[in-house]
Structures are given as C-alpha cells and as structure tokens.
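Hi,

Here is the structure I said I would pass on. Have a look at it first, and then read my notes below.

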Amino acid sequence: FKVLDALATLAFDFPAAHPRAADRQAFFRKELAEFLKLSRENGLDASAVRGSYAGALGLPQFMPGSWRQHAVDFDGDGHIDLMSSPVDAIGSVAHYLSQYGWKPGMATHYSVRLPHDQRERARLLAPDIKPTFTAADLLAAGALPSEAGRDHAGPMAVIELQNGPKKSSTVLLGTENFWVVTRYNWSAYYALAVIELGQAVKARRLQQARAPLAPSAPG
C-alpha cells in the first residue's frame with residue numbers, strides 16, 4: 001500500500017463507529033506528520049513509499065514515528081535503511097526493545113498454577129500483561145509459580161491465553177521483558193509467539209553449530 005494514502009485515510013477518514021475512533025485518528029495524524037518528516041529527512045518520494053495497510057514501514061514494520069525515534073545505522077554505512085538492510089532492521093528492533101527497558105539475561109516468562117479461589121484468580125488476572133505481582137504476592141494469593149518464578153525478583157503479570165476451539169487456556173507469568181515485547185505489539189499472543197519462535201531459532205542455530213562437519217568428497 002502507498003504509505004501516504006494509508007496514513008491519510010486513517011488520519012482523516014477513520015471509521016466513526018469504532019469505539020476508539022478519536023484516539024486512533026489522533027495517532028494516525030501524528031504518524032502522517034512523522035512520515036512526511038521522515039521522507040524529507042531521507043530524501044524519499046513520499047508518494048512512492050509503500051508499507052502496510054496501517055502505514056508500517058520496512059523489514060521491522062516500524063511506524064514512521066518509531067523509525068525516527070528508534071532506528072539505528074547498525075551496519076555502519078552512514079545510512080539507516082530499514083527497507084532492505086537486515087542488519088539495520090535487527091539493530092533497530094534491538095534498540096527499540098532496549099529503549100523500553102529490556103533486561104539482558106532476564107527470562108520472559110514462567111509457568112504458574114492459579115489458585116482455586118475464583119475471586120483470587122480474577123484479581124490476579126485483572127492487570128493482564130502489566131507486571132504487577134511479586135512472587136510473594138502470588139504465593140499469598142494461593143498461586144503456585146514454578147521454582148524459577150518463585151526466585152524472580154521483580155514484578156510479574158498473570159496472563160491467560162485462550163487456546164482457540166479447544167476451550168482450554170495457557171496461563172503464564174510474564175516478566176518485565178515479556179511486557180517489553182508487548183510494547184512492539186500490544187498482544188500477549190503476539191509476544192508469546194515471537195518469544196517461542198526466537199527460542200526455536202536459537203535452538204536450531206545451536207544444533208547446527210554443534211553438528212559435526214560432513215566429510216569432504218574424495219578427490
């Protein structure tokens with residue numbers, strides 16, 4: 001989609017029936033202004049740049065404001081290129097997460113068993129993805145975090161994810177790092193999917209690094 005068209009449409013013709021129409025219009029008007037500034041700063045033809053239907057740009061799908069605030073020249077070529085440089089894209093996403101408080105080495109989440117008391121369950125689930133409860137708070141409410149979760153020093157969120165038509169759910173404790181991932185996309189489902197994909201990629205890369213080299217062909 002042409003980013004200029006997408007942002008202009010959302011800024012000035014957002015569906016009025018939407019419950020947050022005023023807020024969304026204000027957001028996209030701001031992003032439209034950011035896009036025009038970004039185009040001017042980088043010598044881009046604003047009428048030709050393409051992105052998502054919501055105006056997100058490049059490999060990391062940054063909104064224009066996020067590009068201007070968080071993008072970095074990670075490959076050191078003197079130019080920030082989120083459209084075609086994977087190195088700049090990876091570095092910019094890392095910088096984005098760092099700016100929102102990512103703590104290296106901290107787990108993103110732990111397992112937990114909810115208390116039997118329905119009122120306590122509801123109280124623990126109410127803050128959703130916002131880290132709110134310490135391990136001591138959870139134990140006092142009758143929840144049972146994993147051993148690693150009980151050792152976590154900071155606040156955690158009690159998050160329930162519905163498993164589609166199975167009518168079952170997955171419950172986890174999200175740390176501050178889980179919260180940071182949701183700053184990229186405000187969805188616990190998105191965050192857990194990204195985290196598990198990242199873990200799978202990391203495991204595969206380690207497996208490949210440890211695999212013995214295949215013998216070379218004779219001759």
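Let's start with threonine 175, which sits in the loop between β4 and α8 (176–184). Before going further, keep in mind that this is a predicted model. Threonine 175 counts as buried because its relative accessibility is 0%, and the cut-off for that class is under 20%. What does its side chain reach? One partner is the backbone oxygen of alanine 107, at 2.6 Å. The side chain of threonine 175 also reaches the backbone nitrogen of asparagine 177, at 3.2 Å. If you leave aside neighbours within four places in sequence, threonine 175 is in contact with Met106, Ala107, Thr108, His109, Tyr110, Pro131, His152, Pro155 and Met156.

Now the sheet. It is open and has four strands, in the order β2-β1-β4-β3, with antiparallel pairing. Which strands are at the edges? Those are β2 (144–145) and β3 (157–162), and each of them pairs on one side only. The pairing of β1 (residues 109–113) with β2 is antiparallel and runs over two bridges. If you want a spot to zoom in on there, arginine 113 stands opposite leucine 144 in β2. You will also see helix α9 (residues 188–210) lying across β1, β3 and β4 (169–174). Relative to β3, α9 runs at about 90 degrees.

Leucine 144 turns up again if you look at arginine 150, because Leu144 is among the residues that arginine 150 touches once those up to four places away in sequence are not counted. The others on that list are Ala135, Leu139 and Pro145. Arginine 150 itself belongs to helix α7 (residues 147–150). Is it buried or partly exposed? Arginine 150 has a relative accessible area of 37%, so it is partly exposed. For a distance to check against your own viewer, the C-alpha atoms of arginine 150 and threonine 108 are separated by 14 Å, with the two residues 42 apart along the chain.

Next, the pocket, in case you want to set up a box there. The largest pocket holds about 950 Å³ of space. Its lining is made up of 28 residues, and the ones nearest its centre are Phe27, Met63, Arg183, Tyr184 and Trp186. Which helix gives the most to this lining? That is α2, with six residues. At least two lining residues come from each of α2 (21–42), α3 (64–70) and α8.

Finally, two backbone angles to look at. Glutamine 61 has a positive phi, near 55 degrees, and is a residue other than glycine. You can find glutamine 61 in the loop between α2 and α3. Its relative accessibility is 41%, so glutamine 61 counts as partly exposed. Aspartate 128 is not a glycine either, yet its phi is positive at about 60 degrees. Aspartate 128 is in the loop between α5 (118–125) and α6 (135–140). With a relative accessible area of 40%, aspartate 128 is partly exposed.

Cheers

Terms used
Residues are numbered from 1 along each chain as its sequence is written. This is a predicted model: local features need pLDDT of at least 70, side-chain atom pairs count only at pLDDT 80 or more; totals for chains, interfaces and linings use all residues. Side-chain values use heavy atoms; hydrogens and water are left out. Two strands pair if DSSP finds at least two bridges between them. Contact means heavy atoms within 4.5 Å. Axes are lines fitted to C-alpha atoms, for helices over the stretch in contact, and angles run from 0 to 180 degrees between N-to-C directions. Buried means under 20% relative accessible area, exposed over 50%, partly exposed in between (1.4 Å probe, protein chains only). A polar contact is a pair of N or O atoms within 3.5 Å; within protein, one must be able to donate a hydrogen and the other to accept it, and residues adjacent in sequence count only if both atoms are side-chain atoms. On a 1 Å grid over the protein atoms alone, a cavity is a set of points where a 1.4 Å probe fits but cannot get out, and a pocket is an open set with protein on both sides within 12 Å along at least five of seven lines; lining residues have an atom within 4 Å of a point. Grid points are joined across faces, edges and corners, and a volume is the space filled by probe spheres set on the points.
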